[in-house]
Amino acid sequence: MASFFRDYLAYVGKSESPDIYHRWVSLSIVASILGRNYSFPHGHSDIYPNMYVMLQGLPGVRKSTAINIGTKLLKKVGYKKFASNRMSRQMFLEELHAINKPDLDNMTFDEMLDLKDDAPAEISIHASEFLDFIGQGDKDYLMLITSLWDNLDEYKNPKITSKSVSVKNPTVNFIGGNTPAGLNLAFPAETIDAGTLSRFIFIHAQSNGRKILIPSRPDAKAEVAIIEHL
């Protein structure tokens with residue numbers, strides 16, 4: 001696996017984004033692909049690879065650049081379980097609930113017989129601007145994200161558009177970007193004692209000082225190798 005991360009950084013090449021951003025983006029996309037297919041026992045529970053990674057830095061440190069590279073690779077692999085760029089807490093739950101809803105119109109009879117009701121509801125949030133995704137000081141939304149980090153067997157919300165929503169095996173992976181000012185606006189002081197901040201891995205970096213007018217195109221063979229690995 002270590003070779004994958006070396007190849008990923010070599011594929012990225014010279015970038016205005018700090019290397020540490022690219023390292024954590026590569027970890028995040030691997031976590032998205034593994035989803036709930038991998039875990040290891042930890043006492044009375046299981047540990048899954050999902051993470052909440054927040055790239056922190058001043059405007060212009062190229063957080064979005066690093067995230068977008070990982071997002072494009074995931075799409076080329078065929079991964080489709082992305083959350084919308086911006087939506088309310090209710091819409092997010094509905095999207096998570098429907099993420100594995102089968103397309104019965106395009107399924108064979110044998111595929112219908114193989115359907116499982118307990119298929120995990122996996123979703124990846126790629127939010128280059130975290131504040132734009134979650135809104136300012138939305139404590140209820142933050143508490144929902146906090147609860148879902150724990151990979152529950154089921155999450156029930158009985159008060160959503162006058163009907164209950166039950167999500168089986170919710171598995172949420174997050175990679176986002178934020179500035180110091182945005183961090184202040186997104187996380188009210190009350191969330192400090194609510195366990196929300198302890199779920200996030202905050203990766204802070206300063207500008208690496210590079211200014212690249214015309215970035216080089218990525219190596220096509222290297223891209224194919226990474227996609228095949230993923």
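Colleague: Which exposed residues sit on the face of α1 turned away from its buried side?

Modeller: Start with the cut-offs: a residue is buried under 20% relative accessible area, exposed over 50%, and partly exposed in between, using a 1.4 Å probe and protein chains only. Here, Arg6 and Ala10 are the exposed residues on that face of α1. By the way, this is a predicted model, where local features need pLDDT of at least 70, side-chain atom pairs count only at pLDDT 80 or more, and totals for chains, interfaces and linings use all residues. Numbering runs from 1 along each chain as its sequence is written, and side-chain values use heavy atoms, with hydrogens and water left out.

Colleague: And what are the buried residues of α1?

Modeller: Phe4, Tyr8, Tyr11 and Val12. They lie on the same side of α1 because they cover an arc of only 95 degrees around the axis; that arc is taken from the directions from the helix axis to the C-beta atoms.

Colleague: What do those buried residues pack against?

Modeller: Think in contacts, meaning heavy atoms within 4.5 Å. The buried residues of α1 pack against α2 (19–34), α3 and α10. Just after α1 comes Gly13, with a positive phi near 70 degrees.

Colleague: How many helices and strands does the protein have?

Modeller: Both are DSSP runs numbered from the N terminus: helices are H or I with at least four residues, strands are E with at least two. This protein has ten helices and eight strands. Of its 230 residues, 40% are buried. Among contacts with a separation of 6 or more, 75% join residues 24 or more positions apart.

Colleague: Now the pocket: how much space lies in the largest one?

Modeller: The search uses a 1 Å grid over the protein atoms alone: a cavity is a set of points where a 1.4 Å probe fits but cannot get out, a pocket is an open set with protein on both sides within 12 Å along at least five of seven lines, and lining residues have an atom within 4 Å of a point. Points are joined across faces, edges and corners, and the volume is the space filled by probe spheres set on them. The largest pocket holds about 720 Å³. Its lining has 23 residues, with Val12, Ile69, Pro215, Ser216 and Pro218 nearest the centre. Two or more lining residues come from each of α1 (2–12), α3 (63–77) and α10 (220–229), and α3 gives the most, with six.

Colleague: How do the pocket's lining residues divide by class?

Modeller: Ala, Val, Leu, Ile, Met, Phe, Trp, Tyr, Cys and Pro count as nonpolar, Asp, Glu, Lys and Arg as charged, and the others, Gly among them, as polar. The pocket lining has ten nonpolar, five polar and eight charged residues.

Colleague: How many cavities of 30 Å³ or more are there?

Modeller: Two. The largest has about 60 Å³ of space, and its lining has five nonpolar, six polar and one charged residue. Residues lining that cavity include Ala31, Pro49, Glu122 and Asn173. The second largest has about 30 Å³, and its lining is eight nonpolar, with no polar and no charged residues. Helix α6 (residues 130–134) gives the most to that lining, with three residues.

Colleague: One last residue: is Glu228 buried or exposed?

Modeller: Glu228, in helix α10, counts as exposed because its relative accessibility is 64%. Its C-alpha atom is 7.8 Å from that of Val77, 151 residues apart along the chain.
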